[in-house]
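Please read the following account alongside the sequence and the model. It goes from single residues to a helix and then to the chain as a whole.

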Amino acid sequence: MFLIEPDDGAPHAIADGLARWHELGMIALIRHPLAFEEPGSAAALHRALDAAEGQLEWGTLDAVIVEPGNGFAFRALSDPGLAQRLCEFPVPILTRRTRPITLLNGLAFRSFDTAPELAALLIEILHRELREANRPRLGAIARELEAAPAVEDRPAEEGALFD
């Protein structure tokens, strides 16, 4: 997960919940604080999205979550230059709705009224990952590997590798 969150020092339910899951090893989390209410916040949002795309190129990225906070994030989140970018973004973007409604709210993969609603979707995804992990198969692999005889560590016969 790549979290774009307000750089306001206030607690936010989404950020706190994701941080807890990260500490437990349930998810990988990259946090990107952004001052939504400062001049240049739209450009900073584009840089944050660049960083998220960079993460996709260097590793894995399942989703971008935008937590707008309680301030005036609607200015940055309604930037006209954002529209095409959001439509073409390579992974789903999830967000919590702001008042007034922003461009991001309309173009995000999913937009939620509350943090618990967004968390419910993430929990559903994690449940699906558990089902798809095929724990019985992984358990069988682990048991077989534990029972496998140790390979002898013998020195290689001396001599040329090639004739």
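In this predicted model, Asn-134 is partly exposed, with a relative accessible area of 34%. Asn-134 sits in the loop that runs between α5 and α6. Its backbone stands out in one respect: phi is positive, about 55°, although the residue is not a glycine. Most residues other than glycine have a negative phi, and most peptide bonds are trans.

The second half of that rule also has an exception here. The peptide bond that leads from Arg-99 to Pro-100 is cis, and its omega is near -5°. Pro-100 belongs to the loop between β4 (93-96) and α4 (103-107).

Thr-98 is found in the loop between β4 and α4 as well. Is Thr-98 buried or exposed? With a relative accessible area of 9%, Thr-98 is buried, because the limit for a buried residue is under 20%. The side chain of Thr-98 reaches the backbone oxygen of Pro-100 at 2.9 Å, and it also makes a polar contact with the side chain of Asn-105, at 3.4 Å. If neighbours within four places in sequence are left aside, the residues in contact with Thr-98 are Pro-68, Phe-74 and Asn-105.

Another loop residue to look at is Gly-69, placed between β3 and α3 (82-88). Gly-69 is buried, its relative accessible area being 7%. Which residues is Gly-69 in contact with, leaving aside its neighbours within four places in sequence? They are Pro-6, His-12 and Arg-96. Glu-5 is 64 residues away from Gly-69 along the chain, yet the C-alpha atoms of the two are separated by 7.2 Å.

Now turn to helix α1, which spans residues 13-23. Its buried residues are Ile-14, Ala-15, Leu-18, Ala-19 and Trp-21. Why do these residues lie on the same side of α1? They cover an arc of only 160° around the axis, and so they share one side of the helix. The general geometry helps in following this: an α-helix has 3.6 residues a turn, so residues three or four places apart point the same way. On the other side of α1, Ala-13, Arg-20 and Glu-23 are exposed.

What covers the buried residues of α1? The cover includes three strands, β1 (2-6), β2 (30-34) and β3 (64-66), together with helix α5 (115-132). After α1 comes Gly-25, with a positive phi near 85°.

At the surface, Leu-138, Ile-141 and Leu-145 make a nonpolar patch of about 280 Å². Of these, Leu-138 is found in helix α6, residues 135-147. Leu-138 is partly exposed, with a relative accessible area of 43%.

These parts can be placed in the whole chain. The chain holds six helices and five strands, and along the sequence they follow the pattern β-α-β-α-β-α-β-α-β-α-α. Of its 163 residues, 34% count as buried. The accessible surface of the chain comes to about 10700 Å², and carbon and sulfur atoms account for 54% of this. Among contacts between residues at least 6 apart in sequence, 67% join residues at least 24 apart.

Note on methods:
Residues are numbered from 1 along each chain as its sequence is written. This is a predicted model: local features need pLDDT of at least 70, side-chain atom pairs count only at pLDDT 80 or more; totals for chains, interfaces and linings use all residues. Side-chain values use heavy atoms; hydrogens and water are left out. Buried means under 20% relative accessible area, exposed over 50%, partly exposed in between (1.4 Å probe, protein chains only). Helices (H or I, at least four residues) and strands (E, at least two) are DSSP runs, numbered from the N terminus. The arc is that of the directions from the helix axis to the C-beta atoms. Contact means heavy atoms within 4.5 Å. Patches are made of residues with over 30% relative accessible area and no salt bridge: like charges are joined within 9 Å, nonpolar side chains (Val, Leu, Ile, Met, Phe, Trp, Tyr) within 5 Å. Accessible areas come from the Shrake-Rupley method with a 1.4 Å probe; for residues, only the protein chains shown count as cover. A salt bridge is a side-chain nitrogen of Lys or Arg within 4 Å of a carboxyl oxygen of Asp or Glu. A polar contact is a pair of N or O atoms within 3.5 Å; within protein, one must be able to donate a hydrogen and the other to accept it, and residues adjacent in sequence count only if both atoms are side-chain atoms.
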